[in-house]
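Me: Could you walk me through this fold in plain language? I'd like to go question by question.

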Amino acid sequence: MSEGTKDEDRTGDGTRAVRAGLPAPVKHEPTLPGPVFAAHFHLPGEVTGPYLYGRDDNPTWTLLERAIGELEAPGREDVETLVFASGMAAISSVLFSQLRAGDAVVLPSDGYQVLPMVGAQLEAYGIEVRTAPTGGDAQLELLDGARLLWIESPSNPGLDVCDIRRLAEAAHACGALVAVDNTLATPLGQRPLELGADFSVASGTKQLTGHGDVLLGYVTGQDAEAMAAVRRWRKIVGAISGPMEAWLAHRSIATLQLRVDRQNATALTVAEAIRQRPEVCDLRYPGLADDPSHKIATQQMRRYGCVVSFTLPTRARAERFLAALRLVEDATSFGGVRSTAERRRRWGGDAVPEGFIRMSVGAEDPEDLVADILRALDASAE
């Protein structure tokens, strides 16, 4: 749980990120203790206390969970965070712990490409799956009788944004829980619990940790009973983070505000630099003043993210563009300090054109990155 105070509520994002989850100072002890590698703990007598067995809890998780909770819900003591082995482990924990046969769930039709696989599994368990796109708050039309609304805003990879507060109010009026995938925004971009969500869920693999060397997921929630079910699911499935991964994630959070501000600013610079290129179409970045999502994004987000998407005329043109880049690596995922880009259709799961590019803007010098992208666009021309 977050241990914040009213004074900490007024702390800036950078200060909060640097100090999030740190234990009270003890003379001669490290400010951030190293990872605790333990499958079991000394446990004489009655089964009581915080650490019983390595699948249930770990001191390194505790510090990381406290840190994430302080970012997702500063100053709140009624919020709990649980970390998982991956973002999909975190997503699955909410869906499968909260839904039962006969329930209905509303998912985004344009969300992360693994969601259709999850939806098929839910249907196999007797759960009704309804889908609608993120843009235009289209999920509103499907809420009647639903048990859970799943929101992904901004959506991946299309970068559409929905009105989280409006959807959450409508869902709660229908008796549904609300979960928001906050991966692309990060807690420094938006705080779903403040917008009315019951769960904020994310892949910490992406910008939260930012170095491309950790697989991690987390769930932050404010309902004790619902979070107890999520914790029980984690115990049953055993989808736990290793202590080294948890420690690396906590260490990385200290630079989150520095990375996010640099990457978000550069993403806007990149988007503005390529918007006039004749071969670039369907350019999306919520930070652009003329982006279809800009108005609502500005109302609920404090930062717009590091991902820019656009479409080149053909698959061949997109592949030539990616091959010509020197500073941008052709790789999946996003949010790392090194810029990446990929042709998303190669995975087959996203309903996007063959020439659709998802670009994750890193921490390189903006002028160097823009020059590389413009040069690659020129070099890829037939």
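What follows is a short back-and-forth on confidence, the sheet, one helix and some charged pairs.

Me: Before we start, how are residues numbered, and what is counted in this model?

Reply: This is a predicted model, where local features need pLDDT of at least 70, side-chain atom pairs count only at pLDDT 80 or more, and totals for chains, interfaces and linings use all residues. Side-chain values use heavy atoms, with hydrogens and water left out, and residues are numbered from 1 along each chain as its sequence is written.

Me: Which stretch has a pLDDT below 50?

Reply: pLDDT is the predictor's confidence in each residue, from 0 to 100. The protein averages 95, and 97% of the residues score at least 70. Where pLDDT is low, the predicted coordinates should not be read in detail. The stretch below 50 is residues 1-8.

Me: What is the strand order in the open sheet of seven strands?

Reply: Strands here are DSSP runs (E, at least two residues; helices are H or I, at least four), numbered from the N terminus. Two strands pair if DSSP finds at least two bridges between them. The pairing in this sheet is mixed, and the order is β1-β7-β6-β5-β4-β2-β3.

Me: Which strands are the edge strands of that sheet?

Reply: An edge strand here pairs on one side only. For β1, that partner is β7, joined to β1 by five bridges and running antiparallel. The two edge strands are β1 (80-84) and β3 (128-132).

Me: Is β1 mostly covered or exposed, and how many of its residues are buried?

Reply: Buried means under 20% relative accessible area, exposed over 50%, and partly exposed in between (1.4 Å probe, protein chains only). E80, L82 and F84 point one way from β1, T81 and V83 the other way, and all are buried. So β1 is mostly covered, with the buried count at five of its five residues.

Me: Which strands does helix α5 touch as it packs on the sheet?

Reply: Contact means heavy atoms within 4.5 Å. Axes are lines fitted to C-alpha atoms, for helices over the stretch in contact, and angles run from 0 to 180 degrees between N-to-C directions. By that reckoning, the direction of α5 (residues 115-124) makes about 170° with that of β2. The strands α5 touches are β2 (104-108), β3 and β4 (148-152).

Me: Why are the buried residues of α5 on the same side, and which residues are they?

Reply: The arc is that of the directions from the helix axis to the C-beta atoms. The buried residues cover only 100° around the axis, which puts them on the same side of α5. The face turned away carries the exposed residues P116, M117 and A124. The buried ones are L115, V118, G119 and L122.

Me: Which residue forms a salt bridge with D160, and how many residues apart in sequence are the parts it ties together?

Reply: A salt bridge is a side-chain nitrogen of Lys or Arg within 4 Å of a carboxyl oxygen of Asp or Glu. D160 lies in the loop between β4 and α6 (164-173), and its partner lies in strand β8 (residues 281-284), so the pair ties together parts 124 residues apart in sequence. The partner of D160, at 3.0 Å (N to O), is R284.

Me: Which other residue forms a salt bridge with R284?

Reply: R284 is buried, with a relative accessible area of 14%. The other partner counts as buried too, at 6% relative accessibility. Its closest N and O atoms with R284 are 2.9 Å apart, and the residue is D291.
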